[in-house]
Amino acid sequence: MTAAKAAGSVAAAAAAALSVALLSYFVVSDRGFKISWDGNRKISKRKNTCRRRKGLVDAVGNTPLIRINSLSDATGCEILGKAEFLNPGGSVKDRVAVKIIEEALESGDLVQGGVVTEGSAGSTAISLATIAPAYGCQCHVVIPDDAAIEKSQILEALGATVERVRPVSITHKDHYVNVAKRRALEARNRTSTQGVTDKTEHKDFVQMNGHISKQTESNPSSADCRGGFFADQFENLANFRAHYEWTGPEIWEQTQGKLHAFVAAAGTGGTIAGISRYLKEKNPSIKCFLIDPPGSGLFNKVTRGVMYTKEEAEGRRLKNPFDTITEGIGINRLTKNFLMAELDGAYRGTDREAVEMSRFLLKNDGLFVGSSSAMNCVGAVKLAQSLGPGHTIVTILCDSGMRHLSKFCNAQYLADHGLTPNATGLEFLECS
Ligand SMILES: Cc1ncc(COP(=O)(O)O)c(C=O)c1O
């Protein structure tokens, strides 16, 4: 081999080694490397990081901001959806669960081995059940007994204990939220007086209202429970802070501050309050709007300053009023979390609009979203129509349609409610 050939081989080997090293660096490093195909089937490198996450909690957040192509093209605005359904527990509530548990551990209100209790039939319970074990904590959930049975099955499969109670008004001491609060207090009292719990004394709640809740290790009455903490998603401002300190800054970064408006529905109000407040602090000219489902009093509160008529006040209404098929959004009382919101206005959305929107997104964008996400997109289009083309609007894709298979995403259920979708475009949107 000549000296020149030898030098050439060395150079080739070095180049090959360098490429392998570079490739493995990108594949395994925190810098991130994402393979994606463009129209010419070329591999391209994305700027966006795709770093390794340290454990489940680190995998919460940093969700993609997706351009919703169909709605953007139809309105001439950039309509962007924050894909919160990609969180490990499947919804925007993962952030809230992390923040509530972290703040409680920091303050000492919750200790490792303690139980987090919550009254929730929805995503928050699933997120708490998902996240609590990562902090060495347990989870006890109280839900109304008319909630879909799959909900308790999911929660129990996640290791939470579930207590099903009769649905009553929030003003009643046995409303599921009030029962959850009581369970935390009982667990705390028992721990402080006995150090450990006496299993035989506290069987009352597991059979409440005729429902049997499994007696497992994570039940607040189990022997090794180390105190209880009521998550209280409606009034605990950790919920607001999850979005003010976390979701809001992510949206700001992902849009590089170039957004004109934000819109979302409210359940506890944590999401809309945290994000609106953060964005307005960064740039007061960003407009923030509520989209409100049927039966909720928030539209009136935002637009007229009056929450509800006397007849509609919680505690006076029918025990189980049927207002809307959307889930997790709409409320008839002012929560501490919602009171933190900074809003410029509100839109109303109907069930039909939400159903049609969900089918429109599935057909045109391949986005399979739940009822609150669909309602948020209804709000985004109404806002786009009132601002006019050329604006960037952000909304939240809270959870996936997978969570709604028995109702919102079930053809028979929709037919039974006269809501079978039949639109071909966006003509279903009513003027607000
Ligand atoms: C699926 C879903 N979307 C949206 C919301 C509303 O979010 P927030 O409670 O932050 O107002 C909830 C609240 O429970 C929910 O479960």
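1. Helices α8 and α9 pack against each other at an angle of about 50 degrees, their axes lying 7 Å apart. An angle between 35 and 65 degrees falls outside both the roughly parallel and the roughly perpendicular ranges, and α8 and α9 are therefore oblique to each other. The crossing in which α8 passes α9 is right-handed. This is a predicted model, and the values in this note are to be taken in that light.

2. The α8 side of this contact consists of N239, F240, R241, A242, H243, Y244, T247, G248, P249, I251 and W252. These residues meet G270, T271, A273, G274, I275, R277, Y278, L279 and K282 of α9.

3. Helix α9 itself covers residues 270–282, 13 residues in total. From its first C-alpha to its last it reaches 18 Å, close to the 18 Å expected at 1.5 Å a residue. Its buried residues are G270, T271, I272, A273, G274, I275, S276, Y278 and L279. Several of these also appear in the contact with α8, including G270, T271 and A273.

4. Which elements do the buried residues of α9 pack against? They pack against two helices, α4 (93–107) and α8 (238–254), and against the strands β9 (261–264), β10 (287–292) and β12 (392–397).

5. Helices α4 and α8, both named above as partners of α9, also pack against each other, at an angle of about 115 degrees and with their axes 8 Å apart. That makes α4 roughly perpendicular to α8. The crossing of α4 and α8 is right-handed. On the α4 side the contact is made by R95, V96, K99, I100 and E103, and on the α8 side by A238, N239, R241, A242, H243, W246 and T247. Residues of α8 that serve in this contact and also meet α9 include N239, R241, A242, H243 and T247.

6. A further helix pair is formed by α11 (residues 351–365) and α12 (residues 371–387), whose axes come within 8 Å and cross at roughly 95 degrees. These two helices are therefore roughly perpendicular to each other. In α11, the residues E353, A354, M357, S358 and L361 meet S371, A374, M375, C377 and V378 of α12.

7. Is L387, a residue of helix α12, buried or partly exposed? L387 has 18 other C-beta atoms within 10 Å and is therefore partly exposed, since a buried residue needs 20 or more. Not counting residues up to four places away in sequence, L387 touches C77, H260 and A261. The C-alpha atoms of L387 and T75 are separated by 10.0 Å, although the two residues are 312 residues apart along the chain.

8. For the protein chain as a whole, there are 13 helices and 12 strands. Of its 432 residues, 45% count as buried. Among contacts between residues at least 6 apart in sequence, 73% join residues at least 24 apart.

9. Confidence should be considered by region. The protein chain averages a pLDDT of 83, and 78% of the residues score at least 70. Over residues 1–47, however, pLDDT stays under 50, and the model has 20 contacts beyond four places in sequence for this stretch. Over residues 196–218 pLDDT likewise stays under 50, and here the model has 47 such contacts. Where pLDDT is low, the predicted coordinates should not be read in detail.

Terms used
Residues numbered from 1 in each chain as written. Predicted model: local features only at pLDDT ≥ 70, side-chain atom pairs only at ≥ 80, totals over all residues. Helix = DSSP H or I, 4+ residues; strand = E, 2+ residues; numbered from the N terminus. Expected span 1.5 Å × (residues − 1). Buried ≥ 20, exposed ≤ 12 C-beta atoms within 10 Å, placed from the backbone. Contact = placed C-beta atoms within 7 Å. pLDDT = per-residue confidence, 0-100. Axes fitted to C-alpha atoms, helices over the stretch in contact; angles between N-to-C directions. Parallel < 35°, antiparallel > 145°, perpendicular 65-115°, else oblique. Left-handed = near helix turned anticlockwise from the far one by under 90°.
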